[in-house]
Amino acid sequence: MTQQEPAAAGATEGATEAAGATEAAADWLDGRLSIYAAARNNLRKIFPDHWSFMLGEICLYSFIILILTGIYLTLFFNPSMGEVVYHGSYTPLNGIRMSEAYKSTLDISFDVRGGLLIRQIHHWAAIVFVAAMLVHMMRVFFTGAFRKPREINWLFGFLLLVLAMFEGLMGYSLPDDLLSGTGIRFLEGALLSTPIVGTYITLFLYGGEFPGTDIIPRFYSIHVLLLPGLMLALVLTHICYVWYHKHTQFAGPGRTERNVVGMPFFPVYVAKATGFFFLVFGVITLAAAVASVNPIWAYGPYRPDQVSTDAQPDWYMGMPEGLIRIMPGWEVRAWGHTLELGVFIPLALFGLVLVAIGFYPYLEGWITRDKREHHLLDRPRNRPVRTALGVAWVTEYLILLLAGGNDVVATRFHLSINTITWACRILVLLGPVVAFSVTRRWALGLQRRDRDKVLHGRETGIIKRLPHGEFVETHEQLTPAALHTLTAHEHPEPVALPPAVDGNGVRARTRPLELLRARLSAAYFGPGGQIPWPSTPQHDELTTRQHLAQQAHLTQQAQPAEPADR
Ligand code: HEM
Ligand code: HEM
């Protein structure tokens, strides 16, 4: 017997006791909540694997980080517009009159232990949150994961995106620094431009004339209570739907519309997801620790008579900002009222774009008349028109982001602000059209390449010289798995117009909506929308030709090209 044995035996006994206690606790819970049945049904749930499926997780984890850090901030932030004179650690602002909201944010930054880091994590998490949402949304869009039965979940996700943008706007308005105030002023202008109800909405929200003393406390309630509450409910519903519908998967051998191929939720995904949460938290914390964001002490407290150059909203508000900056300052005065078209048109456009994004799944469903469920994802190249629409939208977004920062571009690159504005005006109209047509052609080109690969195999890059001098490139047949993946997608037919003459020989009237649907469907699935597979005779001919060429090749290799004697 060695010295260690009693200790080891003691440890085993302890572990057995702990396991027994855990089991007893689990039994107690099961007697009340039937957790065994719930665990049996859910823990082995299968999830398919693809790197792009982690984008939704980044949204989820940054949302959790926002809630955790936000709760910490509420302990020290004072959402009051009451005025105080600052005497604190940040000496350059000593003796300056400011709101209590601004002062408490300075205190969080300079006097609260870990305050600045938490503030920065909160702000960085907000930036990552909205960025992850946009990229996640584009993944869902480009792969067609929004199709039946997931249209509702797309709508929930879309609502989350809109709420997050406004949650962010409210958040960076809270510290009441010069930049915040400029944002609140911008919002006031935007609301005032709404015809008929604009003035009433503004007076109601601001509790009187701008800036008043109500706006920060009101934004605070909305920021820490109303919107996070709504978002939490939506996030939970969103994830429940992902669970209920089961995740989509990319086509591949053994994967069909009726099964899910992947790894079990427990233990594989639980372990992966936990690790990934800490990775996201770590990266955001690192960014917060090394990269300063929103240094409000450098901007100073808000004063309505001041505005700084380079005043920029957070990047996700770049689109409305850009639209307003490039719009000519049109104004109509009639019957004693002013219609501020220069602000109202861009905002209406922004709203329309958002609505179009939210309802896109229904629009595509209407165009394609497709009522089936889809659990296999599309490769973006196989739906060129949809992919091109997505790229056109991203292009438009980026151009407007640039337009929204026209003052920054002008000062950093020593350019004329008018030149930038005019360039953006032209680009906003041309950019999406060019992006659409280049992407569509590109996707069609990739489809052609896939078709060639299926018919002729993969180009190996190995050139062989035949005995009679001809050079040929050898092709390698695809593996059955690759062949399956490349040929798994459907080739839908465009929706046909109803016959011009009905069964009784009477001319039928085509309704404009049906005509529109037929045209759009032809654009999606006509010759400009997909590369048809070769017809059966074409396919047979190609295979025979390939076979003959191979035979000839083999014969030539077997016989010397130049007979030695005759
Ligand atoms: C708070 C924001 C969001 C969170 C926490 C979230 C979370 C998730 C998670 C974890 C998944 C499963 C993994 C994945 O596919 O990435 C998912 C799937 C999905 N999300 Fe989101 N999401 C958010 C925003 C959005 C947005 C903005 C949209 C679209 C407008 C959207 C639409 C969808 C759809 C349709 C699915 C199902 C995809 C499939 O099964 O392939 N989500 N979401
Ligand atoms: C869910 C999405 C959220 C987003 C996108 C968001 C965004 C922001 C942003 C951008 C700021 C400005 C930070 C800065 O000063 O640089 C902010 C401030 C703040 N947020 Fe949030 N936030 C969210 C959720 C929450 C939640 C859930 C809480 C509280 C429970 C919270 C509490 C606060 C407080 C107290 C401030 C003011 C303190 C400060 O500015 O340092 N936030 N938020």
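Where is the kink of about 40° in helix 9 centred? In this predicted model, the bend in helix 9 sits on isoleucine 222. Even with that kink, helix 9 covers 42 Å from its first C-alpha to its last, close to the 45 Å expected for its 31 residues at 1.5 Å a residue. Several of its residues are tucked away: Ile215, Ile216, Phe219, Tyr220, His223, Val224 and His238 are buried. The partners for these buried residues come from helix 3, helix 4, helix 6, helix 7 (178-192) and helix 8 (198-206). An α-helix has 3.6 residues a turn, so residues three or four places apart point the same way. Just past the end of helix 9 comes lysine 246, with a positive phi near 70°.

Helix 9 also turns up around both ligands. For ligand 1, at least two shell residues apiece come from helix 3 (55-74), helix 5 (115-142), helix 6 (151-173) and helix 9 (215-245). The shell holds 26 residues, and the ones that come nearest are Gly56, Cys59, Ala145, Gly157 and Thr248. Sorted by class, this shell around ligand 1 is made up of 17 nonpolar, seven polar and two charged residues.

Ligand 2 has 27 residues around it, with Gly70, Leu73, Ala126, Gly171 and Asn294 coming nearest. Here the elements giving two or more residues are helix 3, helix 4 (100-110), helix 5, helix 6 and helix 9. Helix 3 is the top contributor to the shell around ligand 2, putting in seven residues. As for class, the shell around ligand 2 has 16 nonpolar, nine polar and two charged residues.

On the annotation side, an unreviewed UniProt entry places the feature "domain: Cytochrome b/b6 N-terminal region profile" at residues 25-251. In the model, this span is 68% helix and 4% strand, and its end C-alpha atoms lie 43 Å apart.

Further along the chain is helix 10 (residues 265-290). Its 26 residues should span 38 Å at 1.5 Å a residue, and the end C-alpha atoms are 35 Å apart, so the two figures agree. Among the residues of helix 10, Val280, Ile284 and Ala288 are buried. Helix 3 and helix 5 are what the buried residues of helix 10 pack against.

Two single residues later in the chain are worth a look. Proline 432 belongs to helix 16 (residues 417-456). This proline counts as buried because it has 20 C-beta neighbours inside 10 Å, and the cut-off for that label is 20 or more. Leaving aside residues up to four places away in sequence, proline 432 touches Ala392, Thr395 and Glu396. Its C-alpha atom is 27 Å from that of glutamate 493, which is 61 residues away along the chain.

Arginine 458, by contrast, is found in strand 9 (residues 458-465). Here the label is partly exposed, because arginine 458 has 14 C-beta neighbours inside 10 Å; that class lies between the limits of 12 or fewer for exposed and 20 or more for buried. With residues up to four places away in sequence again set aside, arginine 458 touches Lys453, His475, Glu476 and Leu478. The C-alpha atoms of arginine 458 and leucine 483 are 11 Å apart, with the two residues separated by 25 places along the chain.

How values were computed
Residues are numbered from 1 along each chain as its sequence is written. Chains are lettered from A and ligands numbered from 1 in the order in which they are written. This is a predicted model: local features need pLDDT of at least 70, side-chain atom pairs count only at pLDDT 80 or more; totals for chains, interfaces and linings use all residues. A residue is near a molecule or strand if its C-beta atom, placed from the backbone, lies within 6 Å of it. Ala, Val, Leu, Ile, Met, Phe, Trp, Tyr, Cys and Pro count as nonpolar, Asp, Glu, Lys and Arg as charged, and the others, Gly among them, as polar. UniProt positions are given in the numbering used here, feature names are shortened, and annotations may be inferred rather than shown by experiment. The expected span of a helix is 1.5 Å times one less than its number of residues. The bend at a residue is the angle between axes fitted to the seven residues ending there and the seven starting there. Two residues are in contact if their C-beta atoms, placed from the backbone, lie within 7 Å.
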